[in-house]
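Dear colleague,

I am handing over the structure we spoke about, and below it you will find what came out of a look through it. Please read the notes with the structure open beside you.

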Amino acid sequence: MALMDVETRTNPIKKESWRAVLTLAYQSLGVVYGDLSTSPLYVYKSTFAEDIHHSETNEEIYGVLSFIFWTLTLIPLLKYVFIVLRADDNGEGGTFALYSLLCRHARVSTLPNGQVADEELYEYKKDEIVSADKGFGLRLRSTLEKHKFLQRILLVLALIGTCMVIGDGVLTPAISVFSAVSGLELSMAKPHHQYVEVPVACVILLILFYLQHYGTHRIGFLFAPIVITWLFCISAIGLYNIFHWNPHVYRAVSPYYMYKFLKKTRKGGWMSLGGILLCMTGSEAMYADLGHFSQLSIKIAFTCVVYPALILAYMGQAAYLSKHHLIENDYRIGFYVSVPEKIRLPVLVIAILAAVVGSQAVITGTFSIIKQCSALGCFPRVKIIHTSSEVHGQIYIPEINWTLMLLCLAVTVGFRDTKHISNASGLAVITVMLVTTCLMSLVIVLCWRRSGFLAICFIFFFGSIEALYFSASLIKFLDGAWVPIALSFIFLMIMYIWNYGTRKKYEFDVQNKVSIQWLLGLGDNLGIARVRGIGLIHTELVSGVPSIFSHFVTNLPAFHQVVIFLCIKSVPVPHVRPEERFLVGRVGPKGYRLYRCIARYGYRDVHMDDVEFEKDLACSIAEFIRSEGLENNNVKIEDDFEDDERMTVIGTTSTHTNGIKLWESNGGDSSDDTMASVAESREIISSPRVPNKKVRFLVPKNPEMDTSAVVELQELMEAREAGLAFILGHCYVRAKSGSSFMKRVAIDVGYDFLRRNSRGPSYALSFPRASTLEVAMVYHV
């Protein structure tokens, strides 16, 4: 109901609506724009580092300003604010949001256990966007669905963008903090300033990464004021420099100055584009952080605050430099030289704080995208800690945090200047933008059902601009640009091998699942003794009986009286509503007491804790039994044992307003107050034993269930009282004989190494070790 309430509040009183939008716009300044707003610290310094030189004709500085103005106008403003932000995945943004949209509309998902029932989810159909059904869009969709190779290319493209975002998480803190502390260079001689800047930058980075496990909810309220103060500083300094040094600098926004710049500088000017592109560093964050804000709030914040402040800042620096040509050293063309000396120290402090805020946003975004990759089966399982119980999306991943810290320190100490770090950061930034452009062109055709001509125009216009910058960055491979390529290659191998091994493992499960005929031949007791309790068997299968169950039945003399095949899977939507959480069905005849429960989560969902999950699991089975009992009262349903795909959507306990309620206590009598609080309910109690735990199902009196459903509920209650055992398969995956050399390396070495060094499933860790049974199996894929 909560999500439905959000949808119905689209037209409230306008005053309140605008107040909420402006509040989100204010908050987005601290979360989204920290990285983008600190780019004036290093853009001019990186551009004039080596390839071009500042001359008295001012053609270079005017040309650079013209490039910066049109780059900020065309890419962040036109492309992202007015086009890409509209391609949200139910309010979520980022590379995987685009990929998720394509997976749903073209059915090219890498998740192997998809079901038709998933397409009935609210967020699956929420946008009311139907897939392309005619012309070029239909042919493109059919081609993608038909050719597995193209699906792999699409996956690799999305993974490359994701890997570059992770690389940006390494490089952005390094260049932002290092550039912020570079103001110290103006107060000391050149031979000595590097001995101070590098240690100070490393200390700040150490503190930044150390504080990650505390989360940002305690100090997050300071982020927006810091960024606003910084934007005010750079815009005010820019205005001062414009009016004091060169009021006519605004003429440089003419594209003619770009032509003059390239005509004069030629190859050097083209190579300097690798520094100019840093002016749009952080633009992707507008789209990636869309899930925390609204489209309108991000548009207002950028167009009304960030964009004008950045233009004034760059114009102000250009105005100052246009009147100062006798630069003593190459490093003195940076940001701080244009800051009036009297306020240089306060600006330095504000710059460091803004750099920390911008770095924090990038690090948090890296955590978020790795969580999405892990949920969609494209990254090994890692420990995810939610640092705030109130603010959605604030997570901390220890392994990733310390890896980023070590890499960030290595880059800072290894390069010791902004030139090489900026070359590396520029390539990472522009690659992510190119991937977004390619995926966006497919979204235009497949999801928006626009013409292929429009998609070609989009990719040609924006792709050609980004390809120009990409070539200028790639040419600096030996001067630092190799860093994001090396990092991306490593992470890409990790992601693809994990995804490949996961798919092969699932295919083995499907090929070796037990037939329903074998199950029917065992009889009601499955040929073994049935003991009290619930046996919870984890499986990746969404249909059929897993081979692990036949292994138990043929080797053990007894098994639990109630068996639940549990599948916890991710679906390609950001969130699954609580009322759509479970799919529950029956495996085999009713007397077997075998159930299947599929718990569905979106890639941005938070998994329930173990206590709540156990209760919701028991209640979902009970609610399924009750609903089936009500159907049997109305119409006789013939069992179809050949098809166990008939599933019922069951919500979590909190959504059962008129359904079954579960009451539990650890021994002792039930409280009269508790039992009396549920009116018009019928209490189903278990047999008169003395269990360690007492369980009661409170069932609505009307309508009445049939007798068999009441008996089944009573058995489920007795099994719940006896306890729950979690059976988890511990699989060793090996390449089958005759496999190619590359496959043996990928499976036997790569996937096996990742599996042994990754975390176990979070839900498996939450169950008591005394109640968990792991079964080792070897999969030859």
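How many bridges join strand E3 to E4, and do the two run parallel or antiparallel? Strand E3, which covers residues 529–538, is joined to E4 by eight bridges, and the two strands run parallel. Please keep in mind throughout that this is a predicted model.

Strand E4 is a good place to begin. It spans residues 558–571, and it is mostly covered, since 13 of its 14 residues are buried. Towards E3, leucine 566 of E4 stands opposite histidine 538. E4 also pairs with strand E6, residues 594–602, again in the parallel sense and over nine bridges; there, isoleucine 564 has tyrosine 595 in E6 as its bridge partner.

The aromatic side chains are the next topic. With ring centres within 6.5 Å taken as the condition for a pair, the count comes to 18 aromatic pairs. One of them is formed by tyrosine 256 and tyrosine 257, whose ring centres are 6.2 Å apart and whose planes stand at 70°, so this pair is edge-to-face. The pair of phenylalanine 461 and phenylalanine 462 is edge-to-face as well, because its planes stand at 80°, with the ring centres 5.0 Å apart; planes over 60 degrees apart are what that term requires. As for how these two phenylalanines are covered, phenylalanine 461 is partly exposed, at a relative accessible area of 38%, whereas phenylalanine 462 counts as buried because its relative accessibility is 4%, and the cut-off for buried is under 20%.

Tyr256 and Tyr257 also belong to one aromatic cluster, which they form together with Tyr62 and Tyr259. Elsewhere, a charged residue meets a ring: arginine 86 lies over the face of tryptophan 448, at 4.6 Å from the ring centre.

Finally, some figures for the protein chain as a whole. The chain has 781 residues, of which 57% count as buried, and its secondary structure comes to 27 helices and twelve strands. Among the contacts with a separation of 6 or more, 84% are between residues 24 or more positions apart. The chain exposes about 33,000 Å², and carbon and sulfur atoms supply 60% of that area.

With best wishes

Methods: Residues numbered from 1 in each chain as written. Heavy atoms only, no water. Phe/Tyr/Trp six-rings, centres within 6.5 Å; stacked < 30°, edge-to-face > 60°. Buried < 20%, exposed > 50% of the residue type's maximum accessible area, 1.4 Å probe, protein only. Lys NZ or Arg CZ within 6 Å of the ring centre and 35° of its normal. Helix = DSSP H or I, 4+ residues; strand = E, 2+ residues; numbered from the N terminus. Pairing = 2+ DSSP bridges. Contact = heavy atoms within 4.5 Å. Areas by Shrake-Rupley, 256 points an atom, 1.4 Å probe, with all protein chains shown as cover.
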